[in-house]
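Please look through the structure below with its sequence at hand, and let the paragraphs after it guide you from one part to the next.

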Amino acid sequence: MSHSETMIPPQPAPPGTVRPFTAQRLVGNIALGVWLAASVGLFLLMVDGWDPEKFAKYGPSFLSGLGVTLGIVGSSITLGAILSLPIAFARMSKNKILGWAAYTYVYFFRGTPLIAQLFLVYYGLGSFRPQMEAIGLWWFFRDAWNCALLAFTLNTAAYQAEILRGAIQSVPRGQTEGAAALGLPARIAFFKVILPQALIVALRPYGNEIILMIKGSAIVAIVTVFDLMGETRRAFSRTFDYQMYVWAAILYLIMVEILRNLWAWLEDRITRHLKR
């Protein structure tokens, strides 16, 4: 008997599994249909109510507000990243005073609303004008943009410190022991061995934090900073056209989507050596 005669002949593919039509699928399909109908209706309303004159008149203001939003978010994220490093070290320190001070800072700024922190800086410190003038700091706190920048920086520094602390502690201890076995000083071992690996772990949480800051930055309009939301409120107060908020939502969505894709590309580039 030849070898080919002993082989099992080709068999048809197994039948696909049929998913039962459950109540959950029915509710999901209904919800999807409602969302699609609402989206189509909103699109038709926007097309029907489109006013090129309003777009030409308020478009530059929206772009100006977008620049303010990007400026305050970018500056606070950068300053917060610088501030988060010593806070993360203090959180991991064996010194109880430093550890408790850093813990209290992080606990407060992560446990209270960002809008309350903004009001504390803008209205709270603003009530101490004579004292601020005496020490030469009133020039900073009389500007709403500076107050927003300070509040955002302190807030994101607390979150970034916890992200960085968790990422550093996730690096296997063997990496530190290996660097010590090679005779590397602790400082060089940290910046050359530990920190690069920790940043890979922290990359995605950092991206989420930036996205949250972009969306949270809309509250600065309450303290008279004309960011994207501030310009939107001003345009709506003059036109009473709901499309102003639709335009703002689209611009926020574009910012988040660009950042999401940029972060995905950056993560793919940084972790390419880990892929097989």
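What follows is a walk through the helices, the core, the aromatic rings and a few single residues.

The reader should keep in mind from the start that this is a predicted model. A good place to begin is the nonpolar core, and there is a general background to it: in soluble globular proteins, nonpolar side chains tend to be buried together. Here the largest nonpolar core has 65 residues, and the ones with the most contacts inside it are Phe62, Ile87, Tyr105, Phe152, Ile214 and Tyr252. The elements that contribute two or more residues to this core are α3 (52–92), α4 (96–111), α5 (114–124), α7 (138–141), α8 (144–170), α10 (186–216), α11 (228–239) and α12. Of these, α10 provides the largest share, with 13 residues.

Ile214 gives a closer view of this core, since leaving aside residues up to four places away in sequence, Ile214 touches Val73, Tyr252, Met255 and Leu259. Tyr252, Met255 and Leu259 are also among the buried residues of α12, a list that further includes Gln243, Val246, Trp247 and Trp263. Helix α12 itself runs over residues 243–270, and at 1.5 Å a residue its 28 residues should span 40 Å, which agrees with the 40 Å between its end C-alpha atoms.

Helix α8 can be examined in a similar way, for its 27 residues reach 39 Å from the first C-alpha to the last, close to the 39 Å expected at 1.5 Å a residue. This helix is mostly covered, with 20 of its 27 residues buried. At the start of α8, a side-chain oxygen of Asp143 comes to within 2.9 Å of the backbone nitrogen of Trp145. Farther along the chain, Glu162 also belongs to helix α8, and because its relative accessible area is 15%, under the 20% limit, Glu162 counts as buried. Not counting residues up to four places away in sequence, Glu162 touches Arg91, Val106 and Arg110.

From there the reader may turn to Phe89, which is found in helix α3 and is partly exposed, with a relative accessible area of 36%. Phe89 and Gly99 stand ten residues apart in sequence, and their C-alpha atoms are 8.7 Å apart in space.

The aromatic rings deserve a separate look, and a pair of them is described by the distance of the centres and the angle of the planes. The model has eleven aromatic pairs. In the pair of Tyr122 and Tyr123, the ring centres lie 4.8 Å apart and the planes are at 75 degrees, so this pair is edge-to-face, the term used for angles over 60 degrees. Tyr123 is partly exposed, with a relative accessible area of 47%. Elsewhere, Trp100, Tyr103 and Tyr107 form one aromatic cluster, while the charged end of Arg234 sits over the ring of Phe226, 4.1 Å from its centre.

Two loop residues complete the walk. Thr224 is found in the loop between α10 and α11, and its phi is near 65 degrees, a positive value in a residue other than glycine; with a relative accessible area of 52%, Thr224 is exposed. Phe240, which has its place in the loop between α11 and α12, likewise has a positive phi, of about 55 degrees, although it is not a glycine. Which class, buried or exposed, does Phe240 fall into? Its relative accessibility is 65%, and because exposed means over 50%, Phe240 counts as exposed.

Conventions:
Residues numbered from 1 in each chain as written. Predicted model: local features only at pLDDT ≥ 70, side-chain atom pairs only at ≥ 80, totals over all residues. Heavy atoms only, no water. Helix = DSSP H or I, 4+ residues; strand = E, 2+ residues; numbered from the N terminus. Expected span 1.5 Å × (residues − 1). Buried < 20%, exposed > 50% of the residue type's maximum accessible area, 1.4 Å probe, protein only. Phe/Tyr/Trp six-rings, centres within 6.5 Å; stacked < 30°, edge-to-face > 60°. Lys NZ or Arg CZ within 6 Å of the ring centre and 35° of its normal. Core = buried A, V, L, I, M, F, W, Y, C linked by side-chain atoms within 4.5 Å. Contact = heavy atoms within 4.5 Å. Polar contact = N/O pair within 3.5 Å; in protein donor to acceptor, adjacent residues only side chain to side chain.
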